[in-house]
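This report describes selected features of one protein model, beginning with its internal space and moving on to its sheets and to individual residues.

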Amino acid sequence: MKRIVLSLSLLSGACLAAWPAVQAGPVSDRVRSTGVLRVCIWPDYYGVTYRHPRTRELKGIDIDLSAELAKDLGARLEYVDSSFPSLVADLTSRRCDVAMSAIAVTPQRQQVLDFTQPYLHSDVYAITTKNNAVVTQWSDIDQPGVRVGVQQGTLTGPIMAAQLQHARVVPVDAPATREQELISGRVDVFMTNYFYSRQLLDNANWAKLLVPAHSIRVVPYAYAVRPGDGAWLRQMEDFVARIKRDGRLKAAAEKNGLGQVIEP
């Protein structure tokens, strides 16, 4: 009996050593004790974390990958609706344990949040309508009188504010959407990233993608956690490293049309 107990103990110790999930830390301890993993998402993020307005079903690369994380942890997955303007407050106030919604890594966010290694990247793209008479190609954007929509709280706002010399940047805040503002004529074009543009083009026959002639700014995207819990950050880092190695990142990206923008 002693040998069996010893063998089980050694096996358990080997499993614990194989993955940093068992390291002590406030978030890891809470997830283990409650059996619940709380994940912040932006539910309007096409291709990433998108809730269908009619069926309420969630789809996207980070819906798939958050399910993989919960499975690895042996925890029940609980989504917390968030947004980019409220992201920092939602994480630091402990509304969720991790933000898994393709969070752009910026110097400003790095001052207040901790990030995993990137798993996606994207340049800046533009969406207009196929019958738009004002903006038909990328060179039409930075012209006097052109109104350029950007999602409030996302990185495209400051990027385009620095890029544009003649056009006017128009922040779009929820519950309004960039698509509504574009179709209504309140903006002439809106800026987005690769993920959002691909899913939109798959579902909107009016949408037209404009690709810049030269790279605007390639941005890395990662998962975010609140600072101060190194064990949880290491656990999330390990998860990203493993899904890159074992093919789960590639499979989820290809399933959601994002195979071209995964980080190696």
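## Internal cavities

Searching the whole structure yields 2 cavities of 30 Å³ or more, a cavity being a set of points, on a 1 Å grid over the protein atoms alone, where a 1.4 Å probe fits but cannot get out. The volume is the space filled by probe spheres set on the points, with grid points joined across faces, edges and corners. The largest cavity holds about 190 Å³ of space. Its lining, made of residues that have an atom within 4 Å of a point, comprises 21 residues, and those nearest the centre are Tyr45, Thr154, Thr156, Asn193 and Tyr221. At least two residues of this lining come from each of β6 (98–104), α6 and β14 (219–225); helices (H or I, at least four residues) and strands (E, at least two) are DSSP runs, numbered from the N terminus.

## Basis of the description

The model is predicted: local features need pLDDT of at least 70 and side-chain atom pairs count only at pLDDT 80 or more, whereas totals for chains, interfaces and linings use all residues. Residues are numbered from 1 along each chain as its sequence is written, and side-chain values use heavy atoms, with hydrogens and water left out.

## The five-stranded sheet

An open sheet of 5 strands, with mixed pairing, follows the order β11-β10-β12-β9-β13, where two strands pair if DSSP finds at least two bridges between them. Because β11 (168–172) and β13 (207–210) stand at the edges with a single partner strand each, one side of each is left without a neighbour in the sheet. From one strand to the next, the twist averages 35 degrees. Strands β10 (residues 147–151) and β12 (residues 189–192) run parallel and are joined by 2 bridges, with valine 148 opposite valine 189 in β12.

Two helices lie across strands of this sheet. Helix α6 (residues 156–163) lies across β10, β11 and β12 and runs at about 150 degrees to β10, while helix α8 (residues 194–203) lies across β9 (125–129), β12 and β13 at about 145 degrees to β13. For these angles, axes are lines fitted to C-alpha atoms, for helices over the stretch in contact, and values run from 0 to 180 degrees between N-to-C directions.

## The three-stranded sheet

Another open sheet has 3 strands in the order β2-β3-β4, with antiparallel pairing. Its edge strands, β2 (44–45) and β4 (58–59), each pair on one side only. Over 2 bridges, β2 pairs with strand β3 (residues 49–51) in the antiparallel sense, and aspartate 44 has tyrosine 50 in β3 as its bridge partner.

## Residues with positive phi

Most residues other than glycine have a negative phi. Arginine 56, in the loop between β3 and β4, has a positive phi near 70 degrees. Alanine 102, in strand β6, likewise has a positive phi, of about 45 degrees. At 0% relative accessibility, alanine 102 counts as buried, a term that means under 20% relative accessible area (1.4 Å probe, protein chains only).

## Serine 122

Serine 122 belongs to strand β8 (residues 120–122) and, at 2% relative accessibility, counts as buried. Its side chain reaches the backbone nitrogen of tyrosine 194 at 2.8 Å. Apart from neighbours within four places in sequence, serine 122 is in contact (heavy atoms within 4.5 Å) with Asn193, Tyr194, Phe195, Arg217, Val218, Val219 and Tyr221. Among these contacts, Asn193 and Tyr221 are also named among the residues nearest the centre of the largest cavity.

Technical notes:
Buried means under 20% relative accessible area, exposed over 50%, partly exposed in between (1.4 Å probe, protein chains only). A polar contact is a pair of N or O atoms within 3.5 Å; within protein, one must be able to donate a hydrogen and the other to accept it, and residues adjacent in sequence count only if both atoms are side-chain atoms. On a 1 Å grid over the protein atoms alone, a cavity is a set of points where a 1.4 Å probe fits but cannot get out, and a pocket is an open set with protein on both sides within 12 Å along at least five of seven lines; lining residues have an atom within 4 Å of a point.
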